[in-house]
Amino acid sequence: MSNKKYKKQTNPGPGTQSVWSADSEISAYGATQMPVFHSVTFNYHDLDTWRDVAMGKKEGHIYTRNSNPTVNVFEEKVRILEGAEAATSFSTGMAAISNTLFTMLSPGDRVVSIKDTYGGTSKILLDHLPHFGIDVQLCDTTNHEQIEKEIAKGCQALYLESPTNPTLKVMDLVRLSKAAKVAGATVIVDNTFASPINQNPLKLGVDLVIHSATKFLGGHSDALGGIVCGNKEMVKKIFHFKEVFGASLDPMSAYFLIRGIKTLELRINRQNSNAMQLAGFLQDHPKIEQVFYPGLETDPGHEIAKQQMSGYGGVFSFSLKGGYNNIKLLLENLKYAHLAASLGSVGTLIGTPKTTSHVETSFEEMKKLGIPENLIRCAVGIENIEDLINDFKSALEKVIL
Ligand SMILES: *Cc1c(COP(=O)(O)O)cnc(C)c1O
C-alpha cells in the first residue's frame, strides 16, 4: 500500500520530503510509520524467486547484513534529500568514510585532502591508507591554490569537508570539484556539518557525499549511523564492500534515524538561527577573542558559504580570553549545554577539540592545524535563543580576565 497523494506532488520541499518520502510508500498493514523489521533473515516460498533476488534480478531482502526494509527507508530519505541516484548506509559515520575510501582506492593511488578533516578521518588518511600503499597529500585547508596544484599533479580522489571541524573553514566545492574533474579524480565530501538542508554537494559537482547520521540527521544523540550518496555505479561498489566487511546499519538505529529526519528541516532552521544569534552575541563580547562561524559577515568563509549553502549550520567555535581555567569556568557554569562530544542534537553540546574531535591529536599537531589551544566548539540545540544567550551571559560573568 502506498501513499498516492504524496507521490502525485511535484517537487515537494525538503520539509515535506523529510516527513513523507520513502516510508509512506511502504505501508505494512496500513501502519502510518515504518515498522522496525527485527528480522535478520527473509523467507521465500519458491527457490526461483529467492535465486532471482540473490542475483539482483528482483527486488527483495535476504539477510539484514545486506539489506533490510527499515534500513532502506532511511537510505531513501537521505538519498532524496541529497538529490542522489543511490545511497547506502552504515553502522557509523566512520564506517561510511572508511568503507568509501577503501572501496574507491587501490594500492599506488594518491589522495588529496585537507589538514582539517574530522579526527577519525585524519587518522585513516595519515595512518591507515599509507599502510595499504596509498599516497596521501594533506593541504592547508584555506589554501585553495595549493589544493588545486596538488590535484593537478594527479590523484584518484579528492576528499573534503565543508564547513570543517572545528574551526568552520569553508571549502569552495564548485572550484575544487572542477579541478578534480580535470584530473579525473573522484570528489568525496563529508557533509555532516552542513546537513542536506543547508548544502547539497552533489549539485555543486561532487561525486560522493557522506554523512555521520549520528549528528544532524538523527538529531537526538540516541543512534549511531552513516550514509554515502552518489551515482548508482559508485554506490553499488561501496555497497558490495560493506556487505562483506559488515559495517551494516541496525534496523532499530535506522528507525531512530528515520524518526529524527522527519523534523530535520525544522531543527536545522532553528539551529541555523540559534547559531547565528549566539555567534553574533559572542563576537561582541569583551571576554571573547574570536568567533569562527561562516554565517558572520566578517568570517573569511562567508562569501563562498553564501554561494553554496542555504543556511550556515548549527555549529560554531570561539576562543576565549585567558587560559584553561577560564574555559573550565565558562563551560562548567553553563546550564543549558551538555559538556559532551558530538553535535547536531536537539540539546546544546559544548566542548573543546581536545575532549571531542581531536582527542588523539597532540597540542603540537593542533597548532599546525591552526586550532587555537583555547578553542571551544559549540553545537547549538533547538532551545529558545533568549535562554541560550542569557545562559552564556551569566556563565561569562564568572570568567576572569
Ligand atoms: C562525528 C563525525 C564523523 C564520524 O561519525 P560517527 O557516526 O561518530 O562514526 C565523521 N565526520 C564528521 C564531520 C563528524 O562530525
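**Domains.** I began with how the chain is split in this predicted model. Domain 1 takes in residues 3-261, and domain 2 takes in 264-396. I then took the centres of the two domains over their C-alpha atoms and found 26 Å separating domain 1 from domain 2.

**The interface.** Next I looked up how the domains meet. On the domain 1 side, 38 residues are in contact with 38 residues of domain 2. The two domains bury about 3,000 Å² between them, and 60% of that lies on carbon and sulfur atoms. Which residues of domain 1 lose the most area to domain 2? I noted Pro166, Asn198 and Phe216, which together make up 23% of what that side buries.

**The ligand shell.** Then I turned to the ligand and found 14 residues surrounding it. The closest are Gly93, Met94, Asp190, Thr214 and Lys215. Sorted by class, the shell has five nonpolar, six polar and three charged residues. I also checked which helix gives the most to this shell: helix 5, residues 93-104, with three residues.

**Polar contacts.** I wrote down three distances to oxygen atoms of the ligand, one residue at a time.
- Lys215 places a polar side-chain atom 2.7 Å from a ligand oxygen.
- Gly93 uses its backbone instead, with an N or O atom 2.8 Å from a ligand oxygen.
- Ser212 has a polar side-chain atom 2.9 Å from a ligand oxygen.

How much of the ligand's accessible area does the protein cover? On its own the ligand has 380 Å² of accessible area, and the protein covers 93% of that.

Methods: Residues are numbered from 1 along each chain as its sequence is written. This is a predicted model: local features need pLDDT of at least 70, side-chain atom pairs count only at pLDDT 80 or more; totals for chains, interfaces and linings use all residues. Side-chain values use heavy atoms; hydrogens and water are left out. A residue is near a molecule or strand if one of its heavy atoms lies within 4 Å of it. A polar contact is a pair of N or O atoms within 3.5 Å; within protein, one must be able to donate a hydrogen and the other to accept it, and residues adjacent in sequence count only if both atoms are side-chain atoms. Accessible areas come from the Shrake-Rupley method with a 1.4 Å probe; for residues, only the protein chains shown count as cover. Helices (H or I, at least four residues) and strands (E, at least two) are DSSP runs, numbered from the N terminus. Ala, Val, Leu, Ile, Met, Phe, Trp, Tyr, Cys and Pro count as nonpolar, Asp, Glu, Lys and Arg as charged, and the others, Gly among them, as polar. Domain bounds come from an automatic or database domain assignment. Contact means heavy atoms within 4.5 Å. Buried area is the accessible area (1.4 Å probe) that two parts lose on being put together, summed over both.
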